[in-house]
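Reader: I am in my first year and would like a close look at one part of this structure, a pair of packed helices. Could you take me through it slowly, in connected prose?

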Amino acid sequence: MDEKVKEEASKDNYRQEPKVGVYVCHCGGNISDIIDVKAVAAALAKYPGVTVAREYAFMCSSNGQDLITEDIKTLGVNRTVVAACSPSLHELTFRGVLQRAGVNPYLHEHVNIREQASWVHKLDKAGATAKAIKLAQAGVEKVLRKDALNAIRVAAEQRVAVIGGGAAGMKAALAAAGKGLEAVILEKTPRLGGKLPELGKMYPSGEEGAAVAKKLEDLVLAEKKITVHTGAEIDFVSGFVGNFKINFKKPDGSSAQVKAGAIVMATGYEHYKPYKGEFGYGEDGTVLTLPAFTALMKKLPAGRLEYGGREIKSLTLIHCVGSRQVEGVHKPQADGKINDYCSRVCCTAALHAANQLKEKYPGVRVYDVYRDIRAYGMKHEEYYDKASKDGVLFMRHNELDQPVVVSDRTGHTVKVKDVLTWGEELEFKTDLLVLVTGMTPADISLIKSQLKLPSGADRFLQEVHPKLRPVELANSGIFVAGAAQYPMDSTEVMASAGTAAAKAAILLAEPDIPLEPFVAVVDEHKCTGCGLCPPECSYDGALMMGEHNGKKVAVVNPALCKGCGACVAVCPTRAINVAGWTLEQFDAMVDAIAKE
Amino acid sequence: MTQKKILIITTNHSSYPGADAVGQARMAYGANTYIIRVPDPVMFPEDFYLRAYEKGIAGIIIMSSGSDCPYEGAYERLSKRVARVYEQMRAKGIASNRLKLTTICTVCRAAFLKEISEMEKAVTAV
């Protein structure tokens with residue numbers, strides 16, 4: 001549909017008698033398990049101005065959207081209220097439905113009865129239902145007073161800033177450059193590669209991590225669209241979608257700034273560091289973490305495993321160190337929280353390491369002490385099978401019966417209450433202990449606080465929705481790539497980084513980004529030319545007094561107006577409003593909510 | 001029994017996503033709360049609040065973006081306006097604890113619940 005058609009459709013809708021269609025979503029059971037959606041639809045069907053009210057399992061599905069399209073065609077519905085999930089997820093979906101059906105997309109009101117009703121009032125089903133009715137009625141009152149609007153477009157920097165130069169950052173930059181975008185990698189350490197070079201042979205390809213890092217780095221450095229800043233210490237990040245500014249210090253102490261239309265957070269992870277004494281860690285040189293052991297194995301010759309000047313005849317892997325921690329059992333982290341999440345990748349990493357060990361040192365006895373084996377990736381179960389066949393001895397404990405390690409000069413004694421032998425208490429000696437440590441989020445507190453980036457209870461960055469808006473953060477124009485989001489292996493990191501870059505490329509596909517047309521508008525008939533509003537405006541040139549048809553009136557420059565509404569509050573005649581957010585609408589909403 | 005309704009004014013950029021975050025974490029609060037979202041509460045004149053009380057709203061929490069407000073000078077203007085609303089509330093005999101100006105960020109879940117809990121106590125006397 002071209003601009004001209006959209007404009008005509010807007011005007012027609014504006015002139016038509018308002019006919020509101022109300023659609024109440026079950027969201028599977030997310031809403032309907034708590035809220036009586038039939039009662040909500042029934043109440044709204046009788047509400048003044050409403051032509052039709054329906055409830056449906058998934059309004060966002062194509063069948064749900066078709067219901068609205070059909071009502072627009074057959075019943076003449078020209079304004080919609082959808083009571084469903086947060087508008088951050090689906091407001092644009094339903095605006096699109098209206099637009100495709102020839103109705104101005106801004107004649108839609110999205111009412112949140114999931115995040116702000118069913119999910120927070122689980123113990124009060126009647127209250128939640130009554131609230132949903134009131135919110136939907138307020139939505140009707142608002143949409144009845146809405147005007148047709150057309151989107152404003154703002155110029156955007158055609159550049160993506162990638163924070164982090166590890167596997168995710170390099171892949172994201174390469175993918176963005178492949179889409180024609182400029183990409184700037186800001187890496188805090190002196191080199192690219194992140195943790196890849198530390199890894200030994202990586203599953204499933206068997207390539208060395210350092211070799212993969214080198215390949216990626218070569219591609220990045222050869223790509224003219226990519227600029228790399230290593231040793232970049234970010235000190236201030238600001239701006240908004242299309243116009244972010246990232247200030248950083250270079251290694252020589254000078255300051256620099258990158259302007260970008262989108263940001264990809266590829267800030268990676270840290271290995272969990274066991275505390276001193278955790279299974280003997282830090283007290284004895286023969287207690288290592290899995291990353292440290294992997295690095296060691298790379299250096300040592302095959303045949304006879306020696307470490308610390310003595311032969312290692314037996315080795316024990318202990319899983320879930322720093323992951324799936326249990327309140328009251330494990331020592332909390334510095335912030336007082338435990339790491340109760342599963343780090344996912346460490347089981348396969350441990351099995352892969354055990355197999356490599358058995359190949360290189362067939363004579364070494366390997367014990368694997370685990371709580372659960374989560375070999376979740378494609379063909380990862382084969383690593384478990386191979387380890388079993390090669391004689392790795394598995395022992396399984398439950399969450400409350402953690403293995404106990406007692407160390408002395410002769411080695412370590414490991415005690416396990418083994419679930420596989422119906423709770424038998426097993427005790428065995430081992431020369432080397434390898435703690436299969438989990439992943440923790442990297443410290444990006446400065447950027448998080450400056451941009452207000454959301455994180456989950458696990459402290460990793462949190463995407464808006466795993467299915468509907470993967471890798472998108474709630475902050476428009478900011479995407480997450482790789483293990484900054486949650487523990488993932490390198491194959492998943494690559495997929496995630498490619499997705500983030502693709503989303504940034506879609507956002508910046510055109511030189512300007514469509515923004516909501518929510519700027520101040522003046523009703524010249526009501527404006528008395530009193531001049532109270534311009535002093536309230538903080539943006540030079542956005543609001544001035546002018547003359548129109550021989551009358552002194554307030555004049556808005558929509559390209560400069562930010563739509564804050566500071567001018568609205570001081571107008572004695574309510575002649576100025578923010579388009580789409582008028583005082584008349586809010587008064588009517590309050591009336592609907594307050595009414596008994 | 002008449003429900004003591006609390007109107008919560010949130011911002012598109014900050015406190016509305018903050019309210020969503022509370023839901024995503026499946027935290028609970030009372031169903032007498034009604035959240036509306038605006039670009040910025042600075043748009044509301046003093047009489048908007050007084051009219052809401054007249055209509056039967058028991059308490060109003062303005063959850064602004066505070067110092068994170070993307071609009072230049074808006075928070076300062078809002079603070080001054082709310083001070084004037086308090087004066088007008090006093091003149092009309094409306095308890096000042098029925099209005100609260102606070103700052104809620106996109107991830108301020110605990111603060112969001114605390115503000116509701118405090119307003120619940122304030123409106124019991126209404």
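Author: Before turning to the pair, it helps to have one convention in hand: an angle under 35 degrees counts as roughly parallel, one over 145 as roughly antiparallel, one from 65 to 115 as roughly perpendicular, and the rest as oblique. In this model, which is predicted, helix α10 of chain A, residues 345–360, packs with helix α11 of chain A, residues 381–389, at an angle of about 40°, and their axes are 9 Å apart. α10(A) and α11(A) are therefore oblique to each other, and their crossing is left-handed. On the side of α10(A), the contact is made by A:Thr348, A:Leu351, A:His352, A:Ala354 and A:Asn355, while α11(A) brings A:Tyr383, A:Tyr384, A:Lys386 and A:Ala387 to it. Sorted by class, the residues of this contact of α10(A) with α11(A) comprise 5 nonpolar, 3 polar and 1 charged.

A second pair in chain A can be set beside this one. Helix α7 of chain A, residues 167–178, and helix α8 of chain A, residues 209–222, pack at an angle of about 40° with their axes 10 Å apart, and α7(A) passes α8(A) in a left-handed crossing. Here α7(A) contributes A:Ala167, A:Met170, A:Lys171, A:Ala173 and A:Leu174 to the contact, and from α8(A) come A:Leu216, A:Glu217, A:Leu219 and A:Val220. By class, the contact of α7(A) with α8(A) has 7 nonpolar residues, 2 charged ones and no polar ones.

Methods. Residues are numbered from 1 along each chain as its sequence is written. Chains are lettered from A and ligands numbered from 1 in the order in which they are written. This is a predicted model: local features need pLDDT of at least 70, side-chain atom pairs count only at pLDDT 80 or more; totals for chains, interfaces and linings use all residues. Axes are lines fitted to C-alpha atoms, for helices over the stretch in contact, and angles run from 0 to 180 degrees between N-to-C directions. Helices (H or I, at least four residues) and strands (E, at least two) are DSSP runs, numbered from the N terminus. A crossing is left-handed if the near helix is turned anticlockwise from the far one by less than a right angle, and right-handed if clockwise. Two residues are in contact if their C-beta atoms, placed from the backbone, lie within 7 Å. Ala, Val, Leu, Ile, Met, Phe, Trp, Tyr, Cys and Pro count as nonpolar, Asp, Glu, Lys and Arg as charged, and the others, Gly among them, as polar.
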